[in-house]
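Open the model in your viewer and keep the selection box handy. We will go from stop to stop, with something to select at each one.

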Amino acid sequence: MTSTTSSERSIAAAEQHSAHNYHPLPVVVATADGAWMTDVEGRRYLDMLAGYSALNFGHGNRRLIDAAKAQLERVTLTSRAFHHDRFADFCTELAALCGKEMVLPMNTGAEAVETAVKTARKWGYRVKGVPDGRAKIVVADNNFHGRTTTIVSFSTDEEARADFGPYTPGFEIVPYGDLAALEAAVDDDTVAVLLEPIQGEAGVLVPPPGYLAGVRELTRSRGVLFIADEIQSGLGRTGRTFACEHEDVVPDMYVLGKALGGGVVPVSAVVASHEILGVYRPGEHGSTFGGNPLACAVALEVIAMLRTGEYQQRAAELGDHLHRELGLLAGGGNVDAVRGRGLWAGVDINPALGTGRRISEKLMARGVLVKDTHGSTIRIAPPLVISKEDLDWGLERLGAVLA
Ligand SMILES: *Cc1c(COP(=O)(O)O)cnc(C)c1O
């Protein structure tokens, strides 16, 4: 009889009874605190992924857990059939954080992107005057906006897209970072340009300087909405509240998710002006859980924390340090490229050293958890509350694995 560990039994059962739509690292987490996670065997790991930025404020953040607990004891769900006493504050505060007027709350990122697509189309027909059924939205190649049928319709990632057709029409894909291609794609029926200000899943791709400002100028002059999917790049990650701020760009619509729920509950939203979100009438869009009291209570605390500016500052300072250190590693010859902004980096490993997956497994064996993306790239995005010492500890291990 072969003896198996608790981790191995858990992983085997998951393999048997859950769809294989993910390929997780073989770690079974039991508890977590701050930037650290502990597995079922009591091994500790530094979390350098932070739930793809859903955990910007760390695991078990006291303020967020307290806000959630207090709300759990009061009321958790009303549905939008009734008002509740956290809803107006949430919408008011989130709109203010974004410098906008209105909020449409949903739950997951993909739902918020769907909401942005529906909003842009409706705005196109009702406000811009695009002929019925002709609305076009321009997107970038290598985008990641979620997993719904419509969203994968405009993905260029075959893994995400193949076998899920027929695909939703109404989208045109142009190369990311290419302003001339975007300009050529925008026509009279174009209602929106939908972009990530930094492409996360694609490997933390930062567009060329001036691109976002150019997109803003182009969309403004052509009467087209600029929709910024800041689900992963927003809420402090890059050293600013929004990644668009690095080019002083204010989009027409922010799409938010991930960190908005504080790593506690899924919370997403579209935030825009009256002119844009004012297009909706009762019954035209919604979600049973969208804007629920628990979600609003946690998100309100997230917004209050962001208003202090301390998390953005941490991300900026630790981010400078991270990129300095990664630059030194890159000098060693086993790193082909380092990209990113703030506490967020994509590191292209020399493929001769192994796949991103293999590097991630080696890091796991040394107590550091990261996630690979696209072949030989690993992504580094620790919680913004990580200490400098812990960050250095993680980078030291990365250096050892790459040596
Ligand atoms: C994660 C992500 C999404 C999708 O969010 P889900 O909550 O997983 O549906 C959309 N856009 C971007 C940029 C993301 O990083």
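Before we start on the sheets, one rule: two strands count as paired if DSSP finds at least two bridges between them. One more thing to keep in mind is that this is a predicted model.

**Stop 1: the two domains**

Colour residues 6–61 together with 311–402 as domain 1, and residues 74–307 as domain 2. The C-alpha centres of domain 1 and domain 2 lie 27 Å apart. Where they touch, domain 1 brings 29 residues to the contact and domain 2 brings 27 residues.

**Stop 2: the seven-stranded sheet**

Switch to a cartoon view and look for an open sheet of seven strands, ordered S4-S10-S9-S8-S7-S5-S6, with mixed pairing. Select 102–106 for strand S4 and 171–174 for strand S6: these stand at the edges with a single partner strand each, so one side of each has no neighbour in the sheet. From one strand to the next, the twist averages 20 degrees.

Stay at the S4 edge and add residues 268–272, which are strand S10. S4 and S10 run antiparallel and are joined by five bridges. Which residue of S10 stands opposite leucine 104? Show the side chains and you will find valine 270 there.

Now bring in the helices. Select 87–98 for helix H4, which lies across S4, S10 and strand S9 (253–256). H4 runs at about 115 degrees to S4. Then select 211–222 for helix H9, which lies across strand S7 (190–195) and strand S8 (225–229). The angle between H9 and S8 is about 145 degrees.

**Stop 3: the four-stranded sheet**

Next, find a second open sheet, with four strands in the order S11-S12-S15-S14 and antiparallel pairing. Strand S11 (335–340) and S14 are at the edges, each with a single partner strand, so one side of each is left without a neighbour in the sheet. Neighbouring strands here are turned by 30 degrees against each other on average, direction ignored.

Select 345–349 and 377–380 to pick out strand S12 and strand S15, an antiparallel pair joined by four bridges. Within this pair, valine 347 has isoleucine 378 in S15 as its bridge partner. Add residues 356–365 and you will see helix H13 packing on the sheet, where it touches S12, S14 and S15. The direction of H13 makes about 45 degrees with that of S15.

**Stop 4: the largest pocket**

Turn on a surface and select Tyr22, Tyr52, Phe144, Arg147 and Glu201. These lie nearest the centre of the largest pocket, which is lined by 47 residues. The pocket holds about 1400 Å³ of space. Its lining draws at least three residues from each of domain 1 and domain 2.

Which element supplies the largest share of this lining? That is S14, with three residues. Other elements that each supply at least two residues include helix H5 (109–128) and helix H6 (149–153). By class, the lining has 16 nonpolar, 20 polar and 11 charged residues.

**Stop 5: the second largest pocket**

Select His23, Pro24, Leu25, Pro26 and Val27, which lie nearest the centre of the second largest pocket. About 710 Å³ of space lies here, with 26 residues in the lining. Helix H1 (6–17) and H2 each give two or more residues, and H1 gives the most, with four. The lining divides into 16 nonpolar, seven polar and three charged residues.

**Stop 6: a cavity**

The structure holds one cavity of 30 Å³ or more, and about 40 Å³ of space lies in it. To see what lines this cavity, select Asn143, Phe144, His145, Gly146, Ile151, Val152, Ser155 and Ala160. Four of these lining residues are nonpolar, four are polar and none is charged. You have met Phe144 already, among the residues nearest the centre of the largest pocket.

**Stop 7: two backbone details**

Most residues other than glycine have a negative phi, and most peptide bonds are trans. With that in mind, zoom in on glycine 165 and proline 166, which are joined by a cis peptide bond with omega of about 0 degrees. Proline 166 sits in the loop between H7 and S6.

Finally, select serine 53 in helix H2. Serine 53 is not a glycine, yet its phi is positive, at about 85 degrees.

Terms used
Residues are numbered from 1 along each chain as its sequence is written. This is a predicted model: local features need pLDDT of at least 70, side-chain atom pairs count only at pLDDT 80 or more; totals for chains, interfaces and linings use all residues. Side-chain values use heavy atoms; hydrogens and water are left out. Axes are lines fitted to C-alpha atoms, for helices over the stretch in contact, and angles run from 0 to 180 degrees between N-to-C directions. Contact means heavy atoms within 4.5 Å. On a 1 Å grid over the protein atoms alone, a cavity is a set of points where a 1.4 Å probe fits but cannot get out, and a pocket is an open set with protein on both sides within 12 Å along at least five of seven lines; lining residues have an atom within 4 Å of a point. Grid points are joined across faces, edges and corners, and a volume is the space filled by probe spheres set on the points. Ala, Val, Leu, Ile, Met, Phe, Trp, Tyr, Cys and Pro count as nonpolar, Asp, Glu, Lys and Arg as charged, and the others, Gly among them, as polar. Domain bounds come from an automatic or database domain assignment.
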